[in-house]
Amino acid sequence: MRNLVGDHRWLSLNTATVRKQGSLLEIIEACARHSVRAIDPWRDQVAAVGLDRTAKAVKDAGLELSGYCRGGMLTADTEHRREALDDNRRAIDEAQALGAPCLVLVVGGLPQYSRPGSTPSKDIWDAQREVEDAIASLLDYARQARMPLAIEPLHPMFAADRACVSTTRQALDICDRLDPEKSGAVGVALDVYHVWWDFELREQIKRAGKKRLHAFHVCDWLVPTTDMLNDRGMMGDGVIDIPRIRDAVEAQGFAGYVEVEIFSNRWWERPMDEVIRTCIERLHSVV
Ligand code: ZN
């Protein structure tokens, strides 16, 4: 496992972590101030600044990307299906323009939440099948753009509204079926918040292997968690044994960025520099 003590060259900041404190350009400036070398920006933040301007700011600051957040929301009724696929092709184009190593997919839950306006459904199994069909139909486009797709399994509490792919095994089953040669064109983004509880996690990380481990996101699980979406913990403040999971991921040869992604009403209230400083300290001490 890489030694991160006293060195944060492998830290990436998911820009949602400080999204309430400033624009993407301000976040990029703050990263430069703190010698953070990589970010994972969100599409809405990029859209607010403009794609070309973002690409230039990233380049001027000497930053790399650890991913692009996010594609997905692939479940839709017939009327909204084309919109979902077109939207994801645009996300692939943007990820490519920004030099991202992968497009993170939050695959979507039931169609009415994934693509509002879709006919309501309770058929979660149908949604799961649809996710796979949609990724299958995006794969050629992603391959041509040389943009790996990274399925992010989300904790099952998000199955209805965000992602009906809930475990690493489920994500890798899709990868196996769509990309049997395991080229990495479709792989996984592992976020400790979503997968830490999974008794199969270690064997599934092995199964993924280096080629399909596209991103590694860290934060912590607070007890109690008071808001399932926006009460993620700072690393070290909760119960996840992060080094153990990082060890399993890096044992497969993963050598990418450790991306801090914290959606937190508490941390959004603190100054941006304090949040980034704390991320760096915790990277050294508990990640
Ligand atoms: Zn994540």
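These legends accompany four close-up views of a predicted model.

**View 1. The zinc ion and its protein donors.** Let's start at the metal. Four residues supply the protein donors of the zinc ion: Glu-152 through OE, Asp-191 through OD, His-217 through ND1 and Glu-261 through OE. These donors lie 2.0 to 2.2 Å from the zinc ion. If you like to trace a site in the sequence, look for the spacing E-x38-D-x25-H-x43-E. Glu-152 and Glu-261 link distant parts of the chain, being 109 residues apart. Glu-152 belongs to the loop between strand 6 (149-151) and helix 7 (168-178), while Glu-261 belongs to the loop between strand 9 (258-260) and helix 11 (272-286). What is the arrangement of the donor atoms around the zinc ion? It is irregular, because the 4 donor atoms subtend angles of 82 to 158°, whereas a tetrahedral site would need all angles between 85 and 135 degrees. Both glutamates can also be checked for exposure: Glu-152 has 3% relative accessibility and so counts as buried, and Glu-261, at 2%, counts as buried too.

**View 2. Helix 9 packed with helix 10.** Here you can follow helix 9 (residues 201-212) alongside helix 10 (residues 242-251). Their axes are 9 Å apart and make an angle of about 25°. Angles under 35 degrees count as roughly parallel, so helix 9 and helix 10 are roughly parallel to each other. The crossing of helix 9 past helix 10 is right-handed. Which residues meet where the helices pack? From helix 9 come Leu-201, Arg-202 and Ile-205; from helix 10 come Arg-244, Ile-245, Ala-248 and Val-249.

**View 3. Ile-39 and its surroundings.** Ile-39 sits in strand 2 (residues 38-40). Is Ile-39 buried or exposed? Its relative accessible area is 0%, so Ile-39 is buried. Setting aside neighbours within four places in sequence, the residues in contact with Ile-39 include Ser-12, Leu-13 and Thr-15, Ile-28 and Cys-31, and Val-58. Also among them are Leu-63, Glu-64, Leu-65, Ser-66 and Gly-67. For a further landmark, find Val-218, which is 179 residues from Ile-39 in sequence and 13 Å away in space, C-alpha to C-alpha.

**View 4. Asp-241 in its loop.** Our last stop is the loop between strand 8 (213-218) and helix 10, where Asp-241 lies. With a relative accessible area of 42%, Asp-241 is partly exposed, because that class falls between 20% and 50%. To place Asp-241 against another residue, look for Glu-200: the two are 41 residues apart in sequence and 15 Å apart in space, C-alpha to C-alpha.

Terms used
Residues numbered from 1 in each chain as written. Predicted model: local features only at pLDDT ≥ 70, side-chain atom pairs only at ≥ 80, totals over all residues. Heavy atoms only, no water. Donors = N, O, S within 2.8 Å, 3.2 Å for Na, K, Ca; no water. Tetrahedral: all angles 85-135°; square planar, octahedral: opposite > 155°, others 65-115°. Helix = DSSP H or I, 4+ residues; strand = E, 2+ residues; numbered from the N terminus. Buried < 20%, exposed > 50% of the residue type's maximum accessible area, 1.4 Å probe, protein only. Axes fitted to C-alpha atoms, helices over the stretch in contact; angles between N-to-C directions. Parallel < 35°, antiparallel > 145°, perpendicular 65-115°, else oblique. Left-handed = near helix turned anticlockwise from the far one by under 90°. Contact = heavy atoms within 4.5 Å.
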